[in-house]
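Colleague: Please take a close look at one helix of this model. I would like the geometry, the burial and the packing together.

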Amino acid sequence: MKVLFVSLGCDKNLVDSEHMLGDLMEQGFTICDDEAEADIIVVNTCSFIADAMEESIQNIIDLGQYKETGNLKGLIVTGCLAQRFTDEIIADLPEVDAIIGTNSYDELINAINKVLEKNGEKPVYKKPLTGLPKDGRRVLTTGGHFAYLKIAEGCNKRCTYCIIPYIRGDYRSVPMEQILAEAKQLVADGVKELILVAQETTVYGMDLYGKKSLPELLNKLCEIEDLKWIRILYAYPEEITDELIECMASQPKICHYIDMPIQHCNDELLRKMGRKTNKADIMNIADRLRKAMPDISLRTTLICGFPGETEEMHQELLQFIKDMKFDRLGAFAYSKEDGTVAATWDNQVDEDLKHKWQDEVMLCQKDISMSNNQNYVGRTIPVFVEGKLPEDGVFIGRTYRDTPSVDGFIFINSDTELVSGQFVDVTVTSFDEYDLIGDVAL
């Protein structure tokens, strides 16, 4: 029985997909990558914003056609779209044969067996959004040299634009011993870099241990012998403590990199968003991080066109970006999501204007990125090799400043063959807007 898996959306979704793949392998299913040959197709969907929802729906429609043109016997939908729009999927997407919610991915084998019975039912598996799915085997899809380590599920924040708490539930930390066991197994299997993810990493442990336990977890992860890098994503600025900063600064395995979503800088908009910081707080946190780690790479994300945003607020944001000089920055046009508070407000921003502001933000950041990259010319830095571009005759890698899929690369000239997962020292010789170019250091 051949199963094809499509994982959409964020890295946290990808971890769920890798656990489902592990369950399939344990039960003797064959994983394939040819839609026409697949007996079962599973789509792990995203519905965080409108574009992601449309991508999920289009994938379902396109893959459903293999019931007519291929071997497809069952199409199963899981993830955020499945959790959020169960009734709509049943009513409007007849090609779907089973639905699995966000906290029920350990029901995949049961769902496949039900679908294969061909009794006309469309089973739905949606456990309450409490607890966590059972721990099990995991199949890496990232090439085997880096892996995302999901340390929690859900979110207790209630930002007015965000649907995630309603489709993922409240914050539930994964027990530390379970995380450490998974991390050790990943490293034993060849993983050199662990990337910590959750809806919010910085409040890890509050529900289980009564305190923010991310520094303790990090210190224990650093004890894993063959692990080289640890990277932290989704760190809410208001939850970054002096203890966490000291841990990052003192542990050589922890990359001097942090992903710190701030969404905006205008105090009025931040309050309306339900954020727990203001501009002064953000500047203070960034300053503390930079003083402790002068080489730290700060990444952030911004929302353009939130309800009530004015041209004056947008100009304030552009100036803030110029002043802060973030190393990495992503901007998104506000997405009006049904079920969120902000979607009910009257002062929505015109779609064209939202995207215009988004473009202006990214153009502003492009100049900053160019300037930041120029500062690396002549420096020798460790690089994690990702692979080779045969047509260009160069190797490709990442520095500590680069998270896979979202940040830049460094293109490496080398007279000797480099292999994926290898660490080499590279001297930077040139740059462009987002990437570096260099030679293997002699």
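Modeller: Here is a walk along helix 14 and its surroundings.

This is a predicted model, in which local features need pLDDT of at least 70, side-chain atom pairs count only at pLDDT 80 or more, and totals for chains, interfaces and linings use all residues. Residues are numbered from 1 along each chain as its sequence is written, and side-chain values use heavy atoms, with hydrogens and water left out.

Length comes first. Helix 14 covers residues 311-324, 14 residues in total. Helices are DSSP runs of H or I with at least four residues, strands are E runs of at least two, and both are numbered from the N terminus. The expected span is 1.5 Å times one less than the number of residues. That gives 20 Å here, and the end C-alpha atoms are 20 Å apart, so the two agree.

Now burial. Buried means under 20% relative accessible area, exposed over 50%, and partly exposed in between, with a 1.4 Å probe and protein chains only. Met313, His314, Leu317, Leu318, Phe320, Ile321 and Met324 are buried in helix 14. They cover an arc of only 160° around the axis, which puts them on the same side of the helix. The arc is taken from the directions from the helix axis to the C-beta atoms. Glu312 and Asp323 are exposed, on the face turned away from the buried side.

Next, the partners. The buried residues pack against helix 12 (267-273), helix 13 (279-292), strand 13 (297-304), strand 14 and helix 15. Contact here means heavy atoms within 4.5 Å.

Last, the exit. Just after helix 14, Lys325 takes a positive phi of about 55°.
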